[in-house]
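Welcome! Here is a short tour of a structure that may be new to you. Take a look at it first, and then read on.

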Protein chains: 2
Amino acid sequence: MESEFVAWLRARLPAHERLRLGPGDDAAVLRLGDRASCVVTVDLLTDGVDFHVGQASPRRIGHKSLAVNLSDLAAMAARPLAVVVALALPRHGGRELAEGLYEGMLPLAEQFDVVIAGGDTNSWDGPLVVSITAIGEVTSHGPLLRSGAKPGDQIVVTGAFGGSILGHHFDFTPRVDEALKLNERYDLHAGIDVSDGLSIDLSRLAKESGCGAVITESLIPIAPAAEQLAAQLNDRSTPLDHALGDGEDFELILAVAPPEAERMIAEQPIDAPLTRIGHFVETPGLWQIDPAGNQRPVTPRGWEHELN
Amino acid sequence: MESEFVAWLRARLPAHERLRLGPGDDAAVLRLGDRASCVVTVDLLTDGVDFHVGQASPRRIGHKSLAVNLSDLAAMAARPLAVVVALALPRHGGRELAEGLYEGMLPLAEQFDVVIAGGDTNSWDGPLVVSITAIGEVTSHGPLLRSGAKPGDQIVVTGAFGGSILGHHFDFTPRVDEALKLNERYDLHAGIDVSDGLSIDLSRLAKESGCGAVITESLIPIAPAAEQLAAQLNDRSTPLDHALGDGEDFELILAVAPPEAERMIAEQPIDAPLTRIGHFVETPGLWQIDPAGNQRPVTPRGWEHELN
């Protein structure tokens, strides 16, 4: 890492009791204490896929890059502790870009009491790459896995879906506090965050749990942005299509036994609305019930990371 | 991460008691136990800078990407515990490349009992990027920092330097075991690994310690590859130039009080040779003593990560 930038970073990063040694040495030293179970996740974001440098400000890109990582910890109902940040910066304007990225990360890190423990900052002839690794701790209620849903469980979601591309995918607040609160108060069987699409991420959770899922179309909370996007695009896509397939909503999908789901819905214990959108079934697969009451198998839609 | 690749990875990664939950969920769950001090480091390697896809095999690139991270842990005298791996893969041939990278990492991970806890695998239109985050634990002897060298301390190095580009930079074994052994047996004041160049990394250690360093040219262990490279290049560069400035030796530079340094050198407790190459002084800066006994200030040479 360039020494002037390291000097800037050292001055900019706040002190924290958990950070014994910050940027500038070969590695960061963290006081994690007794962590029987640590949760670790990494997300790598690239220019042209997750953001477009020149269209979004470095701060918004920085915010998003950290937020998607924290969303993964939220999906595990884990409390964030620390992150390290690796950057591949274009040669021209890299320093300014790097500072902007950190300026976007810092308020979010402060909000969730996350230590930015340093990182690796490189220049190259390619476009911007941001790779963030987040370490979290599991609470006494345990990690929330994808694999715990049982046939008969209700599908409960936070917030609303679709049209994230209009702005939400940059500016969202990861559901960290909501996940911790819900996992503490209720017996959650499984959970996932919606990064690639409600329909595809739900099918992933179902698959990991060895069961299937049935969604009732009329119950799906559709974001105003999904309506707006459908109107803008004029391509016959409906707001429901966007809610099911757009991705980057970074809301939570939870599997909860019926009485517990009923209690959650009645209590509405978090700021975001909790909505029941369907249930899990024994037969693997994904189904939708249309407004006429017809149930039909559907192909999960959303962002697929192709590897050829 | 593409589901078929995740399936491959799940089957390929060995089970480990430290890995409570591996790839396939939103994050990995690790049993780290009581870790008062965890050491965390990230290194991001890019095609065209750290390796050239097409010139080096995916396995060698994978080995190097993990090895440089473990070398950072060695520089802290920390014991590696786990890593997460983030990849940005070119769209064509990405799957095969990803498998080759992991095949290169796995034997090294096994050698050092490091858990590969999963990661994030992406495709994009850019070249290959490999970002690895390593988590280690500090032993009861504490972390070895860059900042502990004192004027009068001897500069002790492992191995030999220069010409790494001829092959060593891909095939080296990180000095993890050596660092742990030396830190356990001797009172080491400071340490760093040589990634950017003996001369520049030494000057970084000196700067962090608030002192200067004097190298005696005739004492520097020159690798056979440095001689070979100087002969090949025919550009008036000497083997000594290569030893001082080439980088990617991934050897250790240690600061040790004179009696302790004498004991280390006499005992030669590790397989690699331990050599005293100079000493630290109060005045900040870097000096070299030439074979005639003349001491002159020098500019540190090596790989500088430019940020513009």
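## Two helices that cross

Helix 2 and helix 3 of chain A cross in the right-handed sense (the near helix is turned clockwise from the far one by less than a right angle). Helices here are DSSP runs of H or I with at least four residues, strands are E runs of at least two, and both are numbered from the N terminus. Helix 2 covers residues 58-75 and helix 3 residues 94-111, and the two pack at about 50° with axes 7 Å apart. Axes are lines fitted to C-alpha atoms over the stretch in contact, with angles from 0 to 180 degrees between N-to-C directions. Helix 2 of chain A is therefore oblique to helix 3 of chain A (under 35 degrees is roughly parallel, over 145 roughly antiparallel, 65 to 115 roughly perpendicular, and the rest oblique).

Among the residues of helix 2 that meet helix 3 are I61(A) and L66(A), while helix 3 brings residues including L101(A) and M105(A).

## About the model

This is a predicted model, in which local features need pLDDT of at least 70, side-chain atom pairs count only at pLDDT 80 or more, and totals for chains, interfaces and linings use all residues. Residues are numbered from 1 along each chain as its sequence is written, with chains lettered from A and ligands numbered from 1 in the order in which they are written.

## Where the chains meet

In chain B, 69 residues are in contact with 69 residues of chain A (C-beta atoms, placed from the backbone, within 7 Å). Strand 4 of chain B, residues 38-46, gives the most to this side, with eight residues.

Strand 4 of chain A also pairs with strand 2 of chain B, antiparallel over three bridges (pairing needs at least two DSSP bridges). There, L30(B) is the bridge partner of C38(A).

Key. Contact = placed C-beta atoms within 7 Å.
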